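I opened this notebook to keep track of what I looked up, one topic at a time. The entries are meant for someone who has not met this structure before.

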Amino acid sequence: MTIEVSGIDFAVEHTAILRDVSCTAPTGAFTGIIGPNGSGKSTLLSMIMRWQQPDSGRVLLDGRDVRGIGRREFARSVAEVEQQSTTVLELTVEQIVELGTIPRSSGWGRPLGEASTEVDDAIEALGLASLRRRTWHTLSGGERQKVQVARALAQRPDVLVLDEPTNHLDVAAGLHLLGLTRQLGLTVVAAIHDLNLAAMFCDRLVVLQEGAVCAEGAPTEVLTPDLLAAVYGIEAQVLVHPATGGPLVVPCATIDAAAPPNPNPREKADIR
Ligand SMILES: Nc1ncnc2c1ncn2[C@@H]1O[C@H](COP(=O)(O)OP(=O)(O)OP(=O)(O)O)[C@@H](O)[C@H]1O
């Protein structure tokens, strides 16, 4: 399924949050949304998920305006992992993952706790078997993040919308999670802060700056020293990643004159 964002404007109390945002997440591709803090990434994802309505413009799912799609049908197609997911109920890992199966179950569905391959597969994929009976409040930040991803996968969606999916995850867990989601072949839209993870896993990047799209394309096209200077205000080297052949961003210093100087300028000179 393809997501097309077309000319979205959104303001809060006369402050523009998104400005004429248009971009596409093609079917089966991993599209990363990058940009500095406050540039509008989460707000854009919330428009795709219909949590907020744009003042103008549309989000299309395979050509259909998402506002015209019923809740259940939408939930069968699109799953989301929010930046700071939480649960008010004291559920176990297994029960939370099982919540993901509700949109696809008929009638009232199975009683919670009954065997389900979607749940087993998702728990297995995220390496959560040993935590299956643990309750939410006992989990670490990274474990909670994995549980929310497992819940989204148990939904068996065509589209996965992820807001900072590697938040709280250690380096191995982050690589595993993005590798796993990529391998599933879903349409993925993910807001990602780590530019090197974005470069490794995304087919395309959409760059937001102050609520507007300032670049869109393959990581090699988008992640240039000039763009990093203009958007993030950093001086960076962009090398060739030895394993992937894609871009490898090495931040060297902030350009802001008021910022503290580079703590180790010799190291910068050693970068080739
Ligand atoms: N309801 C709101 N009222 C006022 N301002 C808002 C509201 N929602 C978002 N904003 C502002 O809109 C801007 C974009 O927020 P958003 O959360 O989309 O940014 P982001 O790119 O996801 O940031 P981060 O990388 O820090 O998570 C921010 O300046 C934020 O303060």
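The entries below go from the whole chain to its domains, its core, the ligand and a few single residues.

**Entry 1, confidence.** I began by noting that this is a predicted model, and I looked up how sure the predictor is of it. The mean pLDDT of the chain is 89, and 89% of its residues reach 70 or more. The exception I wrote down is residues 266–272, where the pLDDT is below 50 and where the model shows four contacts beyond near neighbours in sequence. For the complex, the predictor gives an ipTM of 0.97 and a pTM of 0.88.

**Entry 2, overall make-up.** I looked up the secondary structure next and found 10 helices and 12 strands in the chain. Of its 272 residues, 35% count as buried. I also checked how far along the sequence the contacts reach: among those between residues at least 6 apart, 63% join residues at least 24 apart.

**Entry 3, the two domains.** The chain is divided into domain 1, covering 3–219, and domain 2, covering 224–272. I then looked at where the domains touch, and the contact takes 11 residues from domain 1 and eight residues from domain 2. On the domain 1 side, helix H7 (195–201), strand S9 (204–209) and strand S10 (212–217) each supply at least two residues, and the largest share, four residues, comes from H7. By class, I noted eight nonpolar, three polar and no charged residues on that side of domain 1.

**Entry 4, the core.** Which residues have the most contacts inside the largest nonpolar core? They are Val97, Ala150, Val189 and Ala198, in a core of 66 residues. Helix H5 (residues 141–154) gives the most to this core, with six residues, and the core draws at least three residues from each of domain 1 and domain 2. I followed up Val189 and found that, leaving out residues up to four places away in sequence, this residue touches Ile3, Ala25, Thr31, Ile33, Leu45, Ile48 and Val161.

**Entry 5, around the ligand.** I listed the residues around the ligand as Val12, Ile17, Gly35, Asn37, Gly38, Ser39, Gly40, Lys41, Ser42 and Thr43. By class, this shell has two nonpolar, seven polar and one charged residues. Helix H1 (residues 41–48) gives the most to the shell, with three residues.

**Entry 6, helix H1.** Since H1 came up at the ligand, I asked myself whether this helix is enclosed or open, and I found that six of the eight residues of H1 are buried, so the helix is largely enclosed by the rest of the structure. The buried ones are Lys41, Thr43, Leu44, Leu45, Met47 and Ile48. After H1 comes Arg50, whose phi is positive, near 75°.

**Entry 7, Gln52.** A little further on, Gln52 sits in the loop between H1 and strand S4 (56–61). I counted Gln52 as partly exposed because it has 14 C-beta neighbours inside 10 Å. Not counting residues up to four places away in sequence, Gln52 touches Phe10, Thr43, Ser46 and Met47. With Phe10 the separation is 42 residues in sequence, while the two C-alpha atoms are 9.2 Å apart in space.

**Entry 8, Asp163.** I placed Asp163 in strand S7, and I marked this residue as buried because it has 22 C-beta neighbours inside 10 Å. Leaving aside neighbours within four places in sequence, Asp163 is in contact with Ser42, Leu45, Val81, Glu82, Gln83 and Ala191. I also looked up Asp163 against Arg76, and they are 87 residues apart in sequence and 19 Å apart in space, C-alpha to C-alpha.

**Entry 9, the loop after S7.** Glu164 belongs to the loop between strand S7 (159–163) and helix H6 (171–183), and His168 is found in the loop between S7 and H6 too. Glu164 has a positive phi of about 55° although it is not a glycine, and His168, also a residue other than glycine, has a positive phi near 75°. Are they buried or exposed? Glu164 is buried, because 20 other C-beta atoms lie within 10 Å, whereas His168 counts as partly exposed, with 16 C-beta neighbours inside 10 Å.

Note on methods. Residues are numbered from 1 along each chain as its sequence is written. This is a predicted model: local features need pLDDT of at least 70, side-chain atom pairs count only at pLDDT 80 or more; totals for chains, interfaces and linings use all residues. A residue is near a molecule or strand if its C-beta atom, placed from the backbone, lies within 6 Å of it. Ala, Val, Leu, Ile, Met, Phe, Trp, Tyr, Cys and Pro count as nonpolar, Asp, Glu, Lys and Arg as charged, and the others, Gly among them, as polar. Domain bounds come from an automatic or database domain assignment. Two residues are in contact if their C-beta atoms, placed from the backbone, lie within 7 Å. pLDDT is the predictor's confidence in each residue, from 0 to 100. A residue is buried if 20 or more other C-beta atoms lie within 10 Å of its own, exposed if 12 or fewer, and partly exposed in between; C-beta atoms are placed from the backbone. A nonpolar core is a set of buried Ala, Val, Leu, Ile, Met, Phe, Trp, Tyr and Cys residues joined through C-beta atoms within 7 Å.
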